[in-house]
Amino acid sequence: MMRPLAMILCEFARFTLPKKRKAWGDVMKAETKYIGDDRAAVIYAVGCLFAGFKERAKDFRTCFFIGHWSVVAITVALALYHIHCAWRGMLVMWGKPDPLYEALLRGSSADRMVAAAYHDATPIIVSLIFGLGVMHLVAAYFFARLQLQNFVYAWIAALLVSVLAVVIQLSIIWNLNGLPAEFVALIIQLLAVPALLLWSNGRHRHSEQL
Amino acid sequence: MKRRRKLSKQAVKLLQAFLAQRVEWRHGYDLAKEIGLQSGTLYPLLIRLTEGGLLESEWQPAAKQGLPARHAYRLTQKGLAVAHANNKNAPQQSGAQGLASI
């Protein structure tokens with residue numbers, strides 16, 4: 001029972017190794033067959049599996065893949081969040097009660113003026129938030145395909161939409177507690193994308209030097 | 001200019017094991033047992049030392065029927081020089097040699 005387990009672990013170690021080091025999986029498998037004691041073979045095979053994971057973690061392609069798709073996933077998640085917000089805004093426009101609007105209506109005359117401005121601006125804000133979600137999806141699509149120029153255009157478009165949405169909202173209710181949600185995805189992309197590309201470029205140059 | 005990295009303790013230990021029997025071909029499991037390294041540490045080192053040109057490797061025919069060919073390693077001239085430079089028993093040389101490519 002232990003021997004087949006050791007062989008399965010070795011096979012899995014081979015599977016985890018990066019493509020250019022797959023041959024080392026055969027080396028590990030062959031070596032494990034030479035171990036007389038079954039228990040020792042399993043322990044050795046577990047070590048081989050760890051070696052496979054270590055090599056995978058050091059592999060440039062794997063690291064780049066994880067970084068690249070993490071940025072795409074975060075961008076898509078935030079795009080869906082904006083689209084969800086826009087959907088909720090649409091429901092309000094179609095008659096669903098809006099607690100903030102109702103609270104403003106119950107307030108002072110100044111609050112009622114704010115409520116009127118808020119009500120008038122709802123369609124444009126909803127459109128902008130929806131547009132922002134779509135822009136993020138477009139940016140995620142271009143970044144997923146590593147079409148960087150198109151990604152930058154989508155990012156700039158999303159920035160303009162965000163600025164417009166935030167300015168309109170602040171002109172109605174000046175309430176700036178921390179970073180507006182519209183800028184979160186943009187800032188993540190602004191930091192993560194150049195960092196990923198610089199790191200990737202550095203690794204390429206390093207490998208060319210060797 | 002190539003970057004020189006200091007060898008890890010485990011790499012030095014491994015090179016010393018090779019240095020002790022410099023002309024013989026060595027096998028992974030025997031090395032692991034001899035120097036007390038887990039295979040999870042041994043193989044990444046063997047990979048790097050082989051790719052760095054410090055070790056040469058070959059597939060040797062099966063010792064017994066029913067067993068596969070076995071991978072064996074030994075020091076190259078470059079590996080020998082690095083192993084000597086990092087030999088703690090030898091007189092200390094200025095600027096212990098490291099690996100340029102590891």
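A: Before we start, one cut-off: a residue counts as exposed if 12 or fewer other C-beta atoms lie within 10 Å of its own. Keep in mind, too, that this is a predicted model.

Q: Okay, let me try that cut-off. Is Leu146(A) buried or exposed?

A: Count its neighbours. Leu146(A) has 10 other C-beta atoms within 10 Å, so this leucine is exposed.

Q: And where in chain A does Leu146(A) lie?

A: Look at the loop that links helix 6 (109-144) to helix 7 (148-172) of chain A; Leu146(A) is in there.

Q: What about the backbone: what is the phi of Leu146(A)?

A: The general idea goes like this: most residues other than glycine have a negative phi. Here, Leu146(A) has a positive phi of about 55 degrees, although it is not a glycine.

Q: Let's switch chains. How do I read the layout of chain B, and what pattern does it follow along the sequence?

A: Walk along the sequence and write down each element as you meet it. For chain B you get α-β-α-α-β-β-α, which is four helices and three strands.

Q: How much of chain B is buried?

A: Of the 102 residues in chain B, 30% are buried.

Q: And what share of its contacts join residues at least 24 apart?

A: Take the chain B contacts between residues at least 6 apart in sequence: 53% of them join residues at least 24 apart.

Q: Now a helix pair. At what angle do the axes of helix 2 and helix 3 of chain B cross?

A: For a pair like this, check the distance between the axes, then the angle, then the hand. The axes of helix 2 (residues 28-35) and helix 3 (residues 39-51) of chain B come within 10 Å and cross at roughly 120 degrees. The two helices are therefore oblique to each other, and helix 2 of chain B passes helix 3 of chain B in a right-handed crossing.

Q: Which residues meet there?

A: From helix 2 of chain B, Gly28(B), Leu31(B) and Ala32(B); from helix 3 of chain B, Ser39(B), Leu42(B) and Leu46(B). By type, this contact has four nonpolar residues, two polar and no charged.

Q: Last one: how many residues are in contact between chain A and chain B?

A: Count each side separately: 18 residues of chain A are in contact with 16 of chain B. On the chain A side, helix 2 (23-33) and helix 3 (38-58) are the elements giving two or more residues. Helix 3 of chain A gives the most, with seven. That side of chain A divides into 11 nonpolar, two polar and five charged residues.

Methods
Residues numbered from 1 in each chain as written. Chains lettered and ligands numbered in written order. Predicted model: local features only at pLDDT ≥ 70, side-chain atom pairs only at ≥ 80, totals over all residues. Buried ≥ 20, exposed ≤ 12 C-beta atoms within 10 Å, placed from the backbone. Contact = placed C-beta atoms within 7 Å. Nonpolar A, V, L, I, M, F, W, Y, C, P; charged D, E, K, R; others polar. Axes fitted to C-alpha atoms, helices over the stretch in contact; angles between N-to-C directions. Parallel < 35°, antiparallel > 145°, perpendicular 65-115°, else oblique. Left-handed = near helix turned anticlockwise from the far one by under 90°.
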